[in-house]
Amino acid sequence: MFKPADKIQDLQFFGEFGGVNPSISDSSTYTFLSAKSMFDTFEGNTDGCYLYSRHSSPSNLYLSAALAQMENTEAANVTASGMGAITAVLMQLCKKGDHIITSRTIYGGTYAFLKNFLPEYGMGVDFVDITNLDKIKSLIKPNTKVIYLETVSNPLLEVADVAAISEIGKTNNIKVVVDNTFSPLSVTPANLGADVVIHSLTKYINGSSDTVGGVICGTADFINDLKNVNNGACMLFGSTMDSMRSASILKNMRTLHLRMKQHSANALYLAKAFNEIGIKTVYPGLESHPSHEIYKSMYNNEYGFGGMLTIDVGTLEKANAVMELMQERNVGYLAVSLGFYKTLFSAPGTSTSSEIPADEQLEMGLSNGLIRFSIGLDNDIERTFELIKSCLKDLNVI
Ligand SMILES: *Cc1c(COP(=O)(O)O)cnc(C)c1O
């Protein structure tokens, strides 16, 4: 079986002066010794020549190469944010008159872009329960260009059968685009047939909650299309990552394999413990999760089921009180986002998914009492559980 971490391990980048870290490129523009080679570079005919850092920079290429290795794709291109990656991919693949099928449980920003923005540009979008393969098939039209999904959805932690959906895509000549932000290393969508894999690097991959970033992983042709000076969405929308940032993300990425194992082990421990004290818990690693077997059929098992879990404490008032008390007792931070060394928690209905109207939230099972956790790297997770339990007890949730 393909082991992505080993491929990160195989990377060898030398700095300009023999440093063990690649030098950071500190230039927006690049000189040419001859005018002819400048022209050729514009036309995309010269390898190893840099033109202008919105197009590419040495630092961005190092990080892109590392991410392509991780996702087992031919190439990758880093962007200034996860949304910068998502919007560029959708605008590159779909034009006026095209149709997109998307999971209805996706990141709030992606949902807003698909719901409010793309239809204004003449694209049709259907939102589906991504676990219902027959429904997906029934929505396919001759102009369907993309099926869009998250491996593990935000915030409901629904798991998509990436292999089966990729098969549907292949049969119907539709590109399958997977946002793999919640499950780096744990699931490798390209190995399951996905055409394009996206991450918000802001989360696990950088892991230190100090940077916003994104990446698009795909075929060399697609990545080149995105960077095309005439019609490439990355090049023309300009959501370029800064070289300083890509250098720091590359350094953080080297411990991703260790961090993911710890996030997953801690989350599994807590999910089981919450379950035992009768708290409604959703975690793909629990046998009670409706897609537990599907996750198992896809995952690189040494990385587990990821660090995200949700509990339901009944009402928004209770959720808020629990979160405030947990922050007071230093379980972690009341904050959106994920992948940090400390545990982060938020109530998705009023934060990261607030773009989704209340009635639609209800329909997709996003209840008001839901607390989403990004479980941290705690060394003593038993103590963390006791702390959380004390908060739940003192607020009469249990
Ligand atoms: C955070 C997030 C995004 C957006 O990424 P940014 O880096 O904030 O632009 C997209 N998808 C998922 C699943 C996310 O969690």
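**Figure 1. Close-up of I198 in the predicted model.** I198 is buried, with a relative accessible area of 0%; the structure shown here and in the other figures is a predicted model. The residue belongs to strand β6. Buried stands for a relative accessible area under 20%, so the value of 0% puts I198 in that class. Setting aside neighbours within four places in sequence, the contacts of I198 include A85, I86 and V89, and also Y148, V177, V178 and V215. D179, N180 and T181 are in contact with I198 as well. G82 is 116 residues away from I198 along the chain, yet their C-alpha atoms are separated by 7.6 Å.

**Figure 2. Residues around the ligand.** The ligand has 15 residues around it, and those that come nearest are M83, D179, S200, T202 and K203. On the side chain of D179, a polar atom lies 2.6 Å from a nitrogen atom of the ligand. On the side chain of K203, a polar atom lies 2.7 Å from an oxygen atom of the ligand. G82 takes part through its backbone: an N or O atom there lies 2.8 Å from an oxygen atom of the ligand. Two of the residues in this view also appear in Figure 1, where I198 is in contact with D179 and has its C-alpha atom 7.6 Å from that of G82.

**Figure 3. The open sheet and helix α4.** The sheet is made of seven strands in the order β1-β7-β6-β5-β4-β2-β3, with mixed pairing. Its edge strands, β1 (75–79) and β3 (124–128), each pair on one side only. On average, neighbouring strands are turned by 20 degrees against each other, with direction ignored. Strands of a sheet pair through backbone hydrogen bonds, either parallel or antiparallel. Strands β2 and β4 run parallel and are joined by four bridges. I100 has V146 in β4 as its bridge partner. Helix α4 packs on the sheet and touches β1, β2, β4, β5, β6 and β7 (214–218). The direction of α4 makes about 155 degrees with that of β6.

**Figure 4. The salt bridge between K145 and D98.** Side chains of opposite charge can pair when their charged atoms come close. The structure holds six salt bridges, one of which joins the side chains of K145 and D98 at 3.0 Å, N to O. K145 sits in strand β4 (residues 144–150), while D98 sits in the loop between α4 (82–93) and β2 (99–103). The two residues are 47 residues apart, and the pair links distant parts of the chain. K145 is partly exposed at a relative accessible area of 33%, whereas D98 is buried at 9%.

**Figure 5. Two further salt bridges.** D195 and K170 meet through their side chains in a salt bridge of 3.9 Å, N to O. D195 is in the loop between β5 (175–179) and β6 (196–200), and K170 is in helix α7 (residues 162–171), 25 residues apart. D195 counts as partly exposed, at 24% relative accessibility. The side chains of D312 and K280 form a salt bridge at 3.8 Å, N to O. D312 lies in strand β9 (residues 308–312) and K280 in strand β8 (residues 280–282), so this pair ties together parts that are 32 residues apart in sequence. D312 counts as buried at 16% relative accessibility, while K280 is exposed with a relative accessible area of 62%.

Key:
Residues are numbered from 1 along each chain as its sequence is written. This is a predicted model: local features need pLDDT of at least 70, side-chain atom pairs count only at pLDDT 80 or more; totals for chains, interfaces and linings use all residues. Side-chain values use heavy atoms; hydrogens and water are left out. A salt bridge is a side-chain nitrogen of Lys or Arg within 4 Å of a carboxyl oxygen of Asp or Glu. Buried means under 20% relative accessible area, exposed over 50%, partly exposed in between (1.4 Å probe, protein chains only). Two strands pair if DSSP finds at least two bridges between them. Axes are lines fitted to C-alpha atoms, for helices over the stretch in contact, and angles run from 0 to 180 degrees between N-to-C directions. Contact means heavy atoms within 4.5 Å. A residue is near a molecule or strand if one of its heavy atoms lies within 4 Å of it. A polar contact is a pair of N or O atoms within 3.5 Å; within protein, one must be able to donate a hydrogen and the other to accept it, and residues adjacent in sequence count only if both atoms are side-chain atoms.
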